[in-house]
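Please look through the structure below with its sequence at hand. The paragraphs that follow lead from one part of the chain to the next.

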Amino acid sequence: MKVTSEAIENRQALLTIEMEPAEVEESLDKAYYRLVKKANIPGFRKGKAPREVLERYMGREGLLEDALNELLPEAYTKAVKEQEIEAFAQPQVEIAQTDPVIFKATVPLSPEIELGDYHDVQLAPEIVEITEGDVSAVIDQLRHRQATWEPVERSVEFTDLVVLDVESTIEDSPFINQKAVQYQVVRDQLSPAPGFAEQLSGMGKDEEKEFTLQFPADYPRDELAGKEASFRVKITEIKQEKLPELDEEFAKGVNPDCKTLDSLREQVSADLKVSAEEKSRMDFEERVIEAVAELAKLEFPPVLVEMQIDRLIDEQARRLQMSGRGLEEYLGIINKTEEELRGELRPLATRRVSHSLVLGKVADEEKIEVGDSEIDAEIENMTKDANDRKEELRTLLSSPQSKESVKQLLITQKTIQRLVEIAQGSNKEVKTIQKEGKNE
């Protein structure tokens with residue numbers, strides 16, 4: 001075979017491989033012996049039909065396809081070895097022509113990462129402040145959660161909960177047809193149609209009403225956008241929200257350990273602070289990583305982004321499965337193809353790949369290591385809440401592959417922590433001490 005190689009953009013090599021006629025013929029012979037054993041050809045016992053008969057029966061293209069399925073991987077392996085190329089992932093192979101057989105392989109190469117001077121990155125986390133207004137907002141939410149709904153003899157007002165019968169059509173097709181459905185009348189609500197809540201406002205118990213509503217052209221559900229819906233509704237019950245009093249009973253109802261309203265406010269304030277500090281920490285880490293990544297020069301093969309997109313879609317599919325939906329159903333709801341979804345995820349995937357490569361390079365530069373005891377401790381931490389499945393989960397996480405994943409997770413965490421320390425100025429202090437020591 002003849003092989004040529006050229007470097008192309010994004011850390012890839014393009015191999016052009018031309019097979020010798022004798023090599024192709026040998027592969028055709030092997031394909032013949034494989035296929036003739038399976039073929040049922042009239043007039044011949046299985047495995048006894050001559051090659052020319054088999055070719056007429058299934059077509060030379062079929063025989064060649066089987067031959068190339070075996071030939072190309074072998075030829076590719078020899079080609080990368082001959083060209084001294086270290087492939088980073090599986091190649092993308094394209095058959096350019098079949099007479100003679102020429103195929104092209106786009107080979108992903110290992111990424112190139114050149115870090116900037118990340119030791120000069122200086123950032124400060126946002127100061128977390130919890131105000132009385134924040135606490136009061138949560139207390140208000142808790143009151144609404146513990147509220148009761150009481151029937152009233154008056155017309156419908158916004159925030160009321162109504163029970164109604166509804167019949168509707170869109171372009172003579174059934175839309176929503178339900179009896180005794182509960183609906184909270186919230187101003188500017190988009191569901192079931194913009195303006196629906198406003199039509200209910202002012203209606204009385206047992207009152208019936210007919211009206212039409214126009215879905216806007218930019219309505220989130222494409223199958224409804226721009227269409228007109230006709231509704232007939234009947235209000236059968238009107239309820240208003242009754243909020244609990246702000247007293248000790250309310251505090252105990254939220255948390256039995258809180259004996260007074262003041263103690264509940266203190267608990268809410270503490271919880272808000274913990275949550276805000278965690279969010280601030282994560283946001284700060286992301287800012288630091290982004291700053292370090294912006295200083296770096298990266299070049300990597302596109303296959304890494306595609307692999308990351310695959311992982312993102314798998315994560316989304318698992319979340320959908322937990323809610324009883326499949327990916328295809330979800331794509332139908334949002335009116336997108338999988339390719340369109342992949343396109344939307346590409347910027348996020350690219351950013352994740354860039355950050356991952358930069359963190360890996362920083363870990364090498366900073367000589368960050370993780371010991372076996374740290375891995376075991378993390379596995380123990382990951383299984384502590386597993387209850388009955390604790391031993392099963394520990395066994396699963398103790399496999400060599402799982403341990404390696406845990407190790408990489410811990411290395412990444414340590415690397416991020418190191419960058420956070422540098423960004424907050426600890427690195428400058430170290431440099432200053434080293435400099436003063438030399439001056440002495």
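**A walk through the model**

Pro-100 has its place in the loop between S3 and S4, where helices (H or I, at least four residues) and strands (E, at least two) are DSSP runs numbered from the N terminus. This is a predicted model, in which local features need pLDDT of at least 70 and side-chain atom pairs count only at pLDDT 80 or more, while totals for chains, interfaces and linings use all residues. Residues are numbered from 1 along each chain as its sequence is written, and side-chain values use heavy atoms, with hydrogens and water left out.

The peptide bond that leads from Asp-99 to Pro-100 is cis, with omega near -5 degrees. The two strands on either side of this loop form a hairpin with two residues between them. Strand S3 (residues 92-98) pairs with S4 in the antiparallel sense over six bridges, where two strands are said to pair if DSSP finds at least two bridges between them. Within this pairing, Val-93 has Ala-105 of S4 as its bridge partner.

Pro-100 also appears among the contacts of Met-19, which touches Met-1, Val-24, Leu-71, Ala-75, Pro-100, Val-101 and Phe-103 when residues up to four places away in sequence are not counted; contact here means heavy atoms within 4.5 Å. Met-19 belongs to the largest nonpolar core, which has 32 residues, and together with Leu-15, Leu-54 and Val-107 it touches the most other members. A nonpolar core is a set of buried Ala, Val, Leu, Ile, Met, Phe, Trp, Tyr and Cys residues joined through side-chain atoms within 4.5 Å, and buried means under 20% relative accessible area, exposed over 50%, and partly exposed in between, with a 1.4 Å probe and protein chains only. At least two residues of this core come from each of strand S2 (12-18), helix H1 (21-36), helix H2 (51-58), helix H3 (60-82) and strand S4 (101-108). The largest share, 10 residues, is supplied by H3. There is also a second, separate core of 23 residues, which includes Val-152, Phe-215, Ala-229 and Phe-231.

In helix H2, the residues Arg-51, Val-53, Leu-54 and Glu-55 are buried, and what covers the buried residues of this helix includes H1 and H3. After H2 comes Gly-59, whose phi is positive, near 90 degrees.

Further along the chain, strand S7 (residues 161-170) and strand S8 (residues 173-184) pair in the antiparallel sense over eight bridges, and Tyr-183 in S8 is the bridge partner of Val-162. The hairpin of these strands has two residues between them, and in it Glu-171 takes a positive phi near 50 degrees. Most residues other than glycine have a negative phi, and most peptide bonds are trans.

The loop between S8 and helix H5 (196-200) holds Pro-192, which is joined to Ser-191 by a cis peptide bond with omega about -5 degrees. Asp-188 lies in the loop between S8 and H5 as well, and although it is not a glycine, its phi is positive, about 65 degrees. Asp-188 is exposed, with a relative accessible area of 62%. In the loop between H5 and S9 is Asp-206, a residue other than glycine whose phi is positive, near 70 degrees.

Strand S9 (residues 208-214) contains Glu-210. Is Glu-210 buried or exposed? Glu-210 counts as exposed because its relative accessible area is 57%. Leaving aside neighbours within four places in sequence, Glu-210 is in contact with Phe-231 and Arg-232. The C-alpha atoms of Glu-210 and Val-353 are separated by 55 Å, and these two residues are 143 residues apart along the chain.

The largest pocket holds about 1,100 Å³ of space, and its lining has 33 residues, of which Arg-352, Ser-356, Leu-359, Gln-408 and Thr-412 lie nearest its centre. On a 1 Å grid over the protein atoms alone, a pocket is an open set of points with protein on both sides within 12 Å along at least five of seven lines, whereas a cavity is a set where a 1.4 Å probe fits but cannot get out, and lining residues have an atom within 4 Å of a point. Grid points are joined across faces, edges and corners, and a volume is the space filled by probe spheres set on the points. Two or more residues of the pocket lining come from each of helix H7 (261-295), helix H8 (303-322), helix H10 (338-365) and helix H13 (400-423).
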